[in-house]
Amino acid sequence: GRIITLLVARPGLPVRSAPELIAYAKANPGKLNYGSVGSGSTLHIHAERMLRAEKLQATHVPYKGAAQLVTALLGDEVDFAFDSGLTIPHIKSDKLRLLAVVGTARSPLFPDTPSTAETGIDVAGESVFGVYAPAGISRDIVARLNLEIGRIMQTAEARAVLATFAAEVVTATPEEFAAIQTRDRERYGAFIRE
């Protein structure tokens, strides 16, 4: 599966898109802050990648979880954040502003909102999750599990559960999933060490 990640801003920040956020941050160096669900989280890494790629300065404010982060955004305590779906009801009710969807493609949930790739912002790829088994498990069992999990993920029930946290069904062969994991380790590893 793939988790949809959103770049959102507090309602009082005078920006309506990711490029406007970047321009505002450049015009106000060091005056913005951003929230995350914790230091070292994927959402923190997304923000740091954007800040470094765009040569921006902003203060990181880590929270203990997504609910606290959303409360901080709604209360104008932080200016912007990357979020994995908890902000969706607040975006739809115009209490928070959606600036971009992380990744290479627009989200079916927000087809009018550009992706970070469209706007030329170097954040990172989508967050991907999958199912793992112990090393040494037989290839036949892996193939059977892959087939059955793929079938289950296509059911209406599975799609409904994933939709509650803004995730999309994406299936892959074990080899394709391993390649994604290798790519992400290479992509994020050097950045995290830095």
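**Close-up views of a predicted model**

**View 1. Ser-107 sits in the loop between strand S6 (97-101) and strand S7 (127-128).** The model shown here and in the other views is predicted. Ser-107 has 4% relative accessibility, so the residue counts as buried; the cut-off for buried is under 20%. The Ser-107 side chain reaches the backbone nitrogen of Leu-109 at 3.0 Å. Leaving aside residues up to four places away in sequence, Ser-107 touches Ile-4 and Val-101. Val-101 falls within the range of S6 (97-101).

**View 2. Five strands form an open sheet.** The strand order is S4-S3-S5-S2-S6. Pairing in the sheet is mixed. Strand S4 (58-62) and S6 stand at the edges. Each has a single partner strand, so one side of each is left without a neighbour in the sheet. From one strand to the next, the twist averages 25°.

**View 3. Strands S2 and S5 pair in the antiparallel sense.** S2 covers residues 6-9, and S5 covers residues 80-83. Four bridges join the two strands. Val-8 stands opposite Ala-81 in S5. In the sheet order, S5 is followed by S2 and then S6.

**View 4. Helix H3 lies across three strands of the sheet.** The helix spans residues 66-74. The strands it crosses are S2, strand S3 (32-36) and S5. H3 runs at about 145° to S5. S5 is also the antiparallel partner of S2 in View 3.

Notes:
Residues are numbered from 1 along each chain as its sequence is written. This is a predicted model: local features need pLDDT of at least 70, side-chain atom pairs count only at pLDDT 80 or more; totals for chains, interfaces and linings use all residues. Side-chain values use heavy atoms; hydrogens and water are left out. Buried means under 20% relative accessible area, exposed over 50%, partly exposed in between (1.4 Å probe, protein chains only). A polar contact is a pair of N or O atoms within 3.5 Å; within protein, one must be able to donate a hydrogen and the other to accept it, and residues adjacent in sequence count only if both atoms are side-chain atoms. Contact means heavy atoms within 4.5 Å. Two strands pair if DSSP finds at least two bridges between them. Axes are lines fitted to C-alpha atoms, for helices over the stretch in contact, and angles run from 0 to 180 degrees between N-to-C directions.
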